[in-house]
Amino acid sequence: MNDLEKSQKLLTAKLRPLNIISKESKISYDTIRHYASHPEKLQEAAWIRVYTLALIYDDLVSELTR
């Protein structure tokens, strides 16, 4: 799974509340909510945002598999 797919899954699977993701990523809540509603828009997002969200996804998965 690439970083874009991880980011999209993080926001659409609702594994963690969006406000928590916003705080962890330092991306505004409105932007996170927009990406959650329209995950295809992440393709046009800055790579650092996609990468940051992918890292949060990786951390979440590693916590769940411990």
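1. Let's start with two helices that meet. In this predicted model, helix α2 (residues 18-25) and helix α3 (residues 29-37) have axes that come within 9 Å and cross at roughly 120 degrees. That angle makes α2 oblique to α3. The crossing of α2 past α3 is right-handed.

2. Which residues of α2 and α3 make the contact? On the α2 side, look for Leu18, Asn19, Ile21, Ser22 and Ser25. On the α3 side, the partners are Tyr29, Ile32, Arg33 and Ala36. Sorted by class, the contact of α2 with α3 has five nonpolar, three polar and one charged residues. Try finding the charged one yourself: Arg33 of α3 is in the list, and arginine counts as charged.

3. Next, have a look at the rings. The structure holds one aromatic pair, formed by Trp47 and Tyr51. A pair of aromatic rings is described by the distance of the centres and the angle of the planes. Here the values are 6.3 Å centre to centre and 55 degrees between the planes. The pair counts as tilted because its angle of 55 degrees is neither under 30 degrees nor over 60.

4. Where do these two rings sit in the chain? Trp47 and Tyr51 both belong to helix α4 (residues 47-64) and are four residues apart, so about one helical turn separates them. Trp47 is exposed, at 63% relative accessibility, while Tyr51 is partly exposed, with a relative accessible area of 37%.

5. Is Lys6 buried or exposed? This lysine of helix α1 (residues 3-12) has a relative accessible area of 15%, so Lys6 counts as buried, the cut-off being under 20%. Leaving aside residues up to four places away in sequence, Lys6 touches Met1, Ala54, Tyr57 and Asp58. Met1 is five places from Lys6, which is how it enters this list.

6. Two other lysines deserve a glance at their backbone. Most residues other than glycine have a negative phi. Lys14, however, has a positive phi, near 55 degrees, and lies in the loop between α1 and α2. Lys14 counts as exposed at 69% relative accessibility.

7. Lys26 is the other one to check. Its phi is near 60 degrees, again a positive value in a residue other than glycine. You will find Lys26 in the loop between α2 and α3, the two helices from the opening point. With 76% relative accessibility, Lys26 is exposed.

Notes
Residues numbered from 1 in each chain as written. Predicted model: local features only at pLDDT ≥ 70, side-chain atom pairs only at ≥ 80, totals over all residues. Heavy atoms only, no water. Phe/Tyr/Trp six-rings, centres within 6.5 Å; stacked < 30°, edge-to-face > 60°. Buried < 20%, exposed > 50% of the residue type's maximum accessible area, 1.4 Å probe, protein only. Axes fitted to C-alpha atoms, helices over the stretch in contact; angles between N-to-C directions. Parallel < 35°, antiparallel > 145°, perpendicular 65-115°, else oblique. Left-handed = near helix turned anticlockwise from the far one by under 90°. Contact = heavy atoms within 4.5 Å.
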